[in-house]
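Hi,

Here is the structure I said I would pass on. Have a look at it first, and my notes follow underneath.

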Amino acid sequence: MYDHIPAYPGDPILSLFQDFQRDAHPSKVNLSIGLYYDDAGRIPVLGSTRIAADRVREADAPHTYLPMEGLAAYRQGLQRLVFGADCAALAEGRIATLQTLGGSGALRLGAEFVKRYFPDSAIWISDPTWDNHRVIFSAAGLDVHTYPYYDAQTNGVRVDAMLAAFDALPARSVVLLQPCCHNPTGIDLTRDTWRDVIDVCQRRGLIPFLDMAYQGFGDGLAEDAWAVRAMTDAGLPVIVSNSFSKNFSLYGERVGGLSVVCASASASATVLSQLQAGVRRTYSSPPLFGAQLVATVLNDDTLRAQWENEVAGVRERIKRMRGALKTRLDAQLPGRAFDALVTQRGMFSYTGIGAADVDRLRTEHGVYLLRSGRMCIAGLNDANVDHVAASIAAVLGGAGH
């Protein structure tokens, strides 16, 4: 009956992670999958979420179904964090938000919403972007195209080409953008460029879809959400997906959200009802425990302050490891430019290392990057940065180790 079904070749990132786990190299380093590791090389449990978990357990409440839209306290905390507590659209009830199965679930629900109610619209994603963006939107039946983004010559953004591409799109086209910590390049738009993007979206009647998976890992929780808030204040019909997997270190709890900014409270209620219908068609209701943890932290002033300090610690550690790797590579490979390591933001860096050299790093040194050259800086620590730098230097022609 099922012999005609082809085998799934596997996701390149998750498959690489499985290869890493099987690798017997004594000094192996995982710089591939987007996981944050602490200085000891462990995925941390944040102190704020540990306290929240104790409170949830002490409450001993029944494990009931959540509403289709999710836990109310979670959604309220999410809205304030993403859009700002003083957001006019929020005060006016113009933002429809629901809890989702992580950021990926938010993207899929958003994609299905676009396909159902804007059936003639296509979506444009940056070149390059997170590999799963294309997969998710294509699976929902949307036509997926790319717009210019990464400039390999300058290690920056092709701003003029990007804006020109947007200016040529038909009305109601969807443009997927990342407000902070661009995956995979780590290269973000400046606020001036964001203002230009807002202008062209208004002029051409485009729908911006902002995917924010790393809020707080770039310049700060409020700073990283600046583009979301600026587009909302500008009156754009922005769609926002966000994830707490990274900044709460709750990967397996699948805590995310999808928000749609509308022109009126009545439109927001209608949109929310259709998002609820999308949930009912797929998984009926989201998981409880992770939502309780996030809601407990975001709605308690003391725990919120503790969590913000913990996120700041993560952000500063990532920046410190960027500097540490740059310093070592500058010393071992003089004449090469590694400034991009410290100008990029967030967990990822586009290193410029070619696929063949990435393969050598993996097979000869146990250092795992994606074949695109993307490195997860969050996998570096004081104990492995020397090995990583020496391995890169060996592969790229510098001193061995």
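One thing up front: this is a predicted model, so please read everything below in that light.

Let me start with Glu-223, which sits in helix 9, the run covering residues 221–224. Is Glu-223 buried, exposed or partly exposed? Its relative accessible area comes out at 41%. Buried would need a value under 20% and exposed one over 50%, so Glu-223 counts as partly exposed. If you want a landmark around it, try Pro-179: the two residues are 44 apart along the chain, and their C-alpha atoms are separated by 9.7 Å.

Next, the sheet. It is an open one of seven strands, and the pairing is mixed. Going across, the strand order reads 2-10-9-8-7-3-4. Strand 2 (95–101) and strand 4 (144–148) are the edges, each pairing on one side only. From one strand to the next, the twist averages 25°.

As a reminder, strands of a sheet pair through backbone hydrogen bonds, and they can do so either parallel or antiparallel. You can see both around strand 9 (residues 239–243). With strand 8 (residues 207–212), strand 9 runs parallel, and four bridges join the two. Phe-209 has Ile-239 of strand 9 as its bridge partner. With strand 10 (residues 255–261), strand 9 runs antiparallel, this time joined by five bridges. There, Asn-242 stands opposite Gly-257 of strand 10.

How many residues of strand 9 are buried? Five of its five, so by the under-20% cut-off the strand is mostly covered. That holds for both faces: Ile-239, Ser-241 and Ser-243 are buried on one side, while Val-240 and Asn-242 are buried on the other.

Towards the strand 4 edge, strand 3 (residues 123–127) pairs with strand 4 in the parallel sense, over five bridges. One position to click on is Trp-124, whose bridge partner in strand 4 is His-145.

Now the helix packing. Two packed helices are described by the angle between their axes and the distance between the axes, and I have two pairs for you.

The first pair is helix 3 (residues 72–83) with helix 12 (residues 289–298). They pack at an angle of about 55°, and their axes are 8 Å apart. Angles from 35 to 65 degrees fall in the oblique class, which is why helix 3 and helix 12 are called oblique to each other. Their crossing is left-handed. On the helix 3 side the contact uses Ala-73, Tyr-74, Gly-77, Leu-78 and Leu-81, and these meet Ala-291, Val-294, Ala-295 and Leu-298 of helix 12. By type, that contact has eight nonpolar residues, one polar and no charged.

The second pair is helix 13 (residues 301–332) with helix 16 (residues 385–396). Their axes come within 9 Å and cross at roughly 40°, and that angle makes helix 13 oblique to helix 16. The crossing here is right-handed. Helix 13 contributes Met-321, Ala-324, Leu-325, Arg-328, Leu-329 and Gln-332, and helix 16 contributes Val-385, Asp-386, Val-388, Ala-389, Ala-390, Ile-392 and Ala-393. This contact divides into 10 nonpolar residues, one polar and two charged.

That's what I have for now.

Cheers

Terms used
Residues numbered from 1 in each chain as written. Predicted model: local features only at pLDDT ≥ 70, side-chain atom pairs only at ≥ 80, totals over all residues. Heavy atoms only, no water. Buried < 20%, exposed > 50% of the residue type's maximum accessible area, 1.4 Å probe, protein only. Pairing = 2+ DSSP bridges. Axes fitted to C-alpha atoms, helices over the stretch in contact; angles between N-to-C directions. Parallel < 35°, antiparallel > 145°, perpendicular 65-115°, else oblique. Left-handed = near helix turned anticlockwise from the far one by under 90°. Contact = heavy atoms within 4.5 Å. Nonpolar A, V, L, I, M, F, W, Y, C, P; charged D, E, K, R; others polar.
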